[in-house]
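Colleague: I should be grateful for a close look at one part of this protein, the surroundings of its ligand, and for an account of how that part connects to the rest of the chain.

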Amino acid sequence: MIRWENSKYSEKARRFLSKPPEDFPLFTLLDGAVRSGKTSNIIQKIPQIFEFVGNEYLKVFSGYSRNSVKNNVIMELKPFIENYLGGKVRYNNSTGELDIKLFGKEYNCYVTGGGKSDSLNSIQGGTWDFWYANELPRHNYGFYNMALSRLTPENARAFADSNPESSNHWLYQEKIKPYLEGEGKDVFEYWHFTMYDNANLSEVFIKNQEKLYKGAFKKRKIDGLWVIADGLVYDTFNRGKHSITQARLLEKIKKYEIIEFFLGIDWGWNHPTACLLLGNSIDGTCYVIDELYSAKLDFEGVIRWINQKQSEYGKFFSYANCDNARPEQNEKLRRYTNLVIYEEKPKVDDSIALVRSLINYDKLIVSEKCVRTLEEFGLYSYGGNNEDVPLKINDDCMDALRYGLYKYLTEN
Ligand SMILES: Nc1ncnc2c1ncn2[C@@H]1O[C@H](COP(=O)(O)OP(=O)(O)OP(=O)(O)O)[C@@H](O)[C@H]1O
Ligand SMILES: [Mg+2]
């Protein structure tokens, strides 16, 4: 929780915070580096914007999901309003209803996720006079357009924050690029923040953050630039730091340090099938314990491998999350193994982001037994193409890893 009484302000933060609400256009975007203070600047601005906009219409807070708004925004907004401004915030995360009492007025707000293609349904109809989009690039494009069209009152104001993504992203192409070229400034304003625009960060903290990113992700997260991803997908994976001998891993298993075992499976035929045995320890470290990597292997081979590994390690595996392109194979697994079988194919960029953050916090460790997996970490690359989509080569174990870890990380 932010201790606002200790806040320090950079020149840019001061400029943003002291700008009168009426001088902002309909839509203002704060983008740039991680931890640069984008979200906290908007949170601090909200009371003043509410006062200006009034309480006649609904106010909407959105993010990738309702939970992400709760974690990124409400958790700071509520204590800010209650402890520092004497207001009252009531929030119900299951309905999204958010009521804010402040300076004698009551504001009805609604919190919703905007990241999925069906998010649109939750916001059709109605007039809004305020919208805060947390992490706007992660919103569904249809949701974004619908949201803008709801903001019809004359005083309506929208604020958004973002970390840069690919320069092919709709937000860059439609709003930022034209703005930088001098267009659309009457309805849109763009504020760019670097970590040095957050006076609350120490030099050491900034240096540590810089170490977490390389390549295109450094350009985006640290330099705050909208660039196309190229090069290695997991460029911070460091074999020295992120691998372990099978003997040491077996010791951990023997000592019950690994508490759950699960699988990620990417089906193939001409392309190899990859099946990774994963496990996690109490402190949230994930291990790649074993791998099956083979072309032209039928489901019986995979089942045999799973059952054999359960007896070899003396553990039951709890579930597998599998490529959903082969439902008949998944059905066979359901029938002939004791595992719960999921077929939840995660979005490529979301699941890569999750795996990346595990690596960056040194929470993903691969057994040296998993030769092919280790090899793919050094090969799996972006093609420098339109979207943030890696090349479809050297990706079998990497896909199995994404499936398995995504399920684990989104459940826990
Ligand atoms: N006014 C402030 N007073 C005290 N601390 C602050 C203030 N503003 C920001 N901070 C500190 O800086 C951190 C980063 O700020 P914030 O979360 O707003 O950045 P961000 O640009 O939204 O980052 P991200 O891109 O990671 O979402 C906060 O968690 C908090 O610790
Ligand atoms: Mg933020």
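**The ligand shell and its neighbouring helix**

Modeller: The largest share of the shell around ligand 1 is supplied by helix H2 (residues 38-53), which contributes three residues. The model is a predicted one, and the description that follows should be read accordingly. In total, 15residues surround ligand 1, and those that come nearest are Ser7, Lys38, Thr39, Ser40 and Asn200. Sorted by class, the shell comprises eight polar, four nonpolar and three charged residues.

From H2 the account may pass to helix H3 (residues 66-85), since the buried residues of H3 pack against H2. Those buried residues are Arg66, Val69, Val73, Ile74, Leu77, Lys78, Phe80 and Ile81. Besides H2, their packing partners are four strands: S2 (58-63), S3 (88-92), S4 (97-102) and S5 (105-113).

The course of H3 deserves attention. The helix has 20 residues, yet its end C-alpha atoms are only 25 Å apart, whereas a straight helix would reach 28 Å at 1.5 Å a residue. A bend of about 45° is found in H3 at Val73, and Val73 is also listed among the buried residues of this helix. After H3 comes Gly86, which has a positive phi, near 70°.

On the wider scale, the domain assignment divides the protein into domain 1 (4-221) and domain 2 (239-411). The C-alpha centres of these two domains lie 36 Å apart.

Two loop residues complete the picture, each with a positive phi in a residue other than glycine. For Tyr256, phi is near 60°. Tyr256 is placed in the loop between helix H9 (246-254) and strand S11 (258-266). Tyr256 counts as exposed because it has 10 C-beta neighbours inside 10 Å, and the limit for that class is 12 or fewer.

For Asn394, phi is near 55°, again a positive value in a residue other than glycine. Its loop runs between strand S17 (381-383) and helix H14 (396-411). Asn394 has 17 other C-beta atoms within 10 Å and is therefore partly exposed, given that a buried residue requires 20 or more and an exposed one 12 or fewer.

How values were computed. Residues numbered from 1 in each chain as written. Chains lettered and ligands numbered in written order. Predicted model: local features only at pLDDT ≥ 70, side-chain atom pairs only at ≥ 80, totals over all residues. Near = placed C-beta within 6 Å. Nonpolar A, V, L, I, M, F, W, Y, C, P; charged D, E, K, R; others polar. Domains from an automatic or database assignment. Expected span 1.5 Å × (residues − 1). Bend = angle between axes of the 7 residues up to and from the residue. Contact = placed C-beta atoms within 7 Å.
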